[in-house]
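Q: Please take a close look at one part of this structure, the pairing of its strands, and then at the contacts that surround that part. A connected account for a newcomer would be welcome.

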Number of protein chains: 2
Amino acid sequence: MIKLVGIGPGNLQYLTLRAKEVLKNCDVVIGYEKYVEQIAELTKSKETYKYKMGQEEERCKRAVELSKEGKDVCLVCGGDPGIYSLSSIILNLTDDVEIIPGISALNACASILGSPLSNDFVVLSFSDYNVDISEIKKRVELACKADFVMVIYNPISRVRLKKSKEIFQVIVDNKPSKTKVALVKNCYRADFSMRIIELSQIFENIDFIDMNTTMIVGNKYTYENFGKLITPRWYK
Amino acid sequence: MIKLVGIGPGNLQYLTLRAKEVLKNCDVVIGYEKYVEQIAELTKSKETYKYKMGQEEERCKRAVELSKEGKDVCLVCGGDPGIYSLSSIILNLTDDVEIIPGISALNACASILGSPLSNDFVVLSFSDYNVDISEIKKRVELACKADFVMVIYNPISRVRLKKSKEIFQVIVDNKPSKTKVALVKNCYRADFSMRIIELSQIFENIDFIDMNTTMIVGNKYTYENFGKLITPRWYK
């Protein structure tokens, strides 16, 4: 059985006990090169296969092949395997998989920021590699109208800067300009940095935002206290 | 400094290494009685304070008092402290808190179901204790129109069965009747059970749903394969 393992936000302290156990006991580790390197101290002397970004299907196919050879395979992902990651791809190939959930960027960033997700929220990716940009804009507009807090994965990449700006404009057009926005980069890693801004300042902070940034856009109740971002659990 | 610790879905294997470490090293454990008991094997001989459901503010105030006395306090939550839990409450009292993220019900249920959350999704609570039911219905309707997968916490309690049925009706009125719906109860616990149904069968399954059930309502792309629930990551 393949173990599909969420390794969390990067710092090994946020691995689950189950993830650590299966990484320790497996024969083979497969994954995106950066993630395989992050867990290297736990997987010394294992057979490892490192892949480049974009080779998601190749990784999954290799995992299935090696598992069929009788090897105990850990296929590793950053964050949680179920959120913009490999679980849907591997399950199209085989059902012989144990999925080990991980601390995703939304959980990690929320814990660093304070409490932005204490009430209803929506999780969106701005990557138009998989979804048409018109569809993303429609979803963003409806999320604004519902006043959901928004967690945004993949907000910008260099190849779609113009499109990302168009999506940000939808938010600017549909939410109060004073809405709190958090930009969190490399959460729980050595090169961690973050900013809390207001929505009206989004375009002047555009150079700070990249593929490793998770954005959280507050709702009308979200406020700052002690330098933390808080969405109250209670509105009444 | 108070440690606010997410203990995950209940099974200790899904604790993070960081959570285990702080539980081992603290002087005092405070929390809802069920959660304090779940981690008892890690906190033997500690001073413990167990609270009833509903006493969220009391727990947080006690944690602050004991911390001021110089004790190293772990305030524990099920799942993740940031999702419908204690983080916003404690941060209204003090900023002297480390929040340790946990595997939330959405991560845990997704891993058991297969891959329902591989694309954009919304997280909602149907409890109208904190939010007016008219507001919940509006959000649900907009989430349906955006075709977000929906993760629903607290779908039903005995005291608001009629109101929950009204919210389910909003979903029935706004999504195709064949939409896949998962009902997951006590994920990763001994008394775990689950059902995958179609939206048209929701009312005939109402007796299965309770406060310990997490519901996941698929989008138009969500399908079943090998008995797993999958929302493709790629729509194109």
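A: Two strands are said to pair if DSSP finds at least two bridges between them; strands (E, at least two residues) and helices (H or I, at least four) are DSSP runs, numbered from the N terminus. The model is predicted: local features need pLDDT of at least 70, side-chain atom pairs count only at pLDDT 80 or more, and totals for chains, interfaces and linings use all residues, while side-chain values use heavy atoms, without hydrogens and water. Residues are numbered from 1 along each chain as its sequence is written, with chains lettered from A and ligands numbered from 1 in the order of writing.

The close look begins with an open sheet of chain B, in which three strands stand in the order 6-13-12 with mixed pairing. Its edges are held by strand 6 (114–115) and strand 12 (223–225) of chain B, each of which pairs on one side only. Strand 12 of chain B is joined to strand 13 (residues 228–230) of chain B by three bridges in the antiparallel sense. Within this pairing, B:N225 faces B:K228, a residue of strand 13 of chain B.

A second open sheet draws on both chains. Ten strands make it up, again with mixed pairing, in the order 10(A)-9(A)-11(A)-8(A)-7(A)-7(B)-8(B)-11(B)-9(B)-10(B). Strand 10 (193–198) of chain A and strand 10 (193–198) of chain B stand at its edges with a single partner strand each, so one side of each has no neighbour in the sheet. In chain B, strand 7 (residues 121–125) and strand 8 (residues 149–153) run in the parallel sense and share five bridges. B:S125 has B:Y153 of strand 8 of chain B as its bridge partner. Helix 5 (residues 105–113) of chain B lies across several strands, among them strand 7 (121–125) of chain A and strand 11 (213–217) of chain B.

Beyond the shared sheet, 70 residues of chain B are in contact (heavy atoms within 4.5 Å) with 70 residues of chain A. The two chains bury about 6200 Å² between them, and carbon and sulfur atoms carry 57% of it; buried area is the accessible area (1.4 Å probe) that two parts lose on being put together, summed over both. B:L17, B:R233 and B:W234 contribute 11% of the area that chain B buries against chain A, more than any other three residues.

Charged pairs also occur between the chains. Two salt bridges are counted between chain B and chain A, a salt bridge being a Lys or Arg side-chain nitrogen within 4 Å of a carboxyl oxygen of Asp or Glu. The side chain of B:D120 meets that of A:R139 in a salt bridge at 2.5 Å, N to O. On the side of chain B that touches chain A, helix 6 (residues 133–145) of chain B gives the most, with six residues.

Over all chains the structure holds 37 salt bridges. One of them joins the side chains of A:K175 and A:D147 at 3.3 Å, N to O. A:K175 belongs to the loop between helix 7 (161–174) and strand 9 (180–185) of chain A, and A:D147 to the loop between helix 6 (133–145) and strand 8 (149–153) of chain A, so the pair ties together parts 28 residues apart in sequence.

Notes
Axes are lines fitted to C-alpha atoms, for helices over the stretch in contact, and angles run from 0 to 180 degrees between N-to-C directions.
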